[in-house]
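Here's a quick walk through one small set of contacts and exposures. Have the coordinates open and follow along.

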Amino acid sequence: MTRIIALAGVAALLSGTVAFAQAPPPPPGVLERGDVRVDVKCADDDTTKACADVTLQMLEKLGTFRP
């Protein structure tokens, strides 16, 4: 009986130290060029194409700036 209580106590101690898995961070969506940084975040209701088109337009305008 003492052995069962000891095993239960050890199990309780170990279960308190179990690390729970965390979700990995999202992939980086940041574009940088020198001191200029563009962080693109599309709306949930936008299509991927619409978001990519706007992002491409922004990048083209950034390409015209001189560092």
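Cys 51 is buried in this predicted model, with a relative accessible area of just 12%. That falls under the 20% cut-off, so Cys 51 gets the buried label. Keep in mind how the whole chain looks on that score: of its 67 residues, 4% count as buried.

What does Cys 51 pair up with? Its partner is Cys 42, and the two form a disulfide with their sulfur atoms 1.3 Å apart. A disulfide is a covalent bond between the sulfur atoms of two cysteines. The pair makes the list because 1.3 Å is within the 2.5 Å cut-off. The disulfide count for the model comes to 1. Cys 42 sits in another accessibility class from its partner: Cys 42 is partly exposed at 33%, whereas Cys 51 is buried at 12%.

Next up, the charged pair. The side chains of Lys 49 and Asp 53 meet in a salt bridge, with 3.1 Å from N to O. That distance is within 4 Å, so the pair qualifies. The salt bridge count is 1 as well. Where do Lys 49 and Asp 53 sit relative to each other in helix H2? They are 4 residues apart in that helix, which runs over residues 48–64, so about one helical turn separates them. On accessibility, Lys 49 is exposed at 59%, while Asp 53 is partly exposed at 35%.

Here are the accessibility values side by side, with Arg 37 thrown in:

| Residue | Relative accessibility | Class |
|---|---|---|
| Cys 42 | 33% | partly exposed |
| Cys 51 | 12% | buried |
| Lys 49 | 59% | exposed |
| Asp 53 | 35% | partly exposed |
| Arg 37 | 58% | exposed |

So what about Arg 37, and which strand is it found in? Arg 37 belongs to strand E2, residues 36–39. At 58% relative accessibility, Arg 37 is over the 50% cut-off and therefore counts as exposed. Between Arg 37 and Leu 62 there are 9.8 Å in space, C-alpha to C-alpha, and the two are 25 residues apart in sequence.

Zooming out, the chain has 2 helices and 2 strands. Read along the sequence, they come in the pattern α-β-β-α. The accessible surface adds up to about 6,500 Å², and carbon and sulfur atoms account for 63% of that.

Terms used:
Residues numbered from 1 in each chain as written. Predicted model: local features only at pLDDT ≥ 70, side-chain atom pairs only at ≥ 80, totals over all residues. Heavy atoms only, no water. Buried < 20%, exposed > 50% of the residue type's maximum accessible area, 1.4 Å probe, protein only. Areas by Shrake-Rupley, 256 points an atom, 1.4 Å probe, with all protein chains shown as cover.
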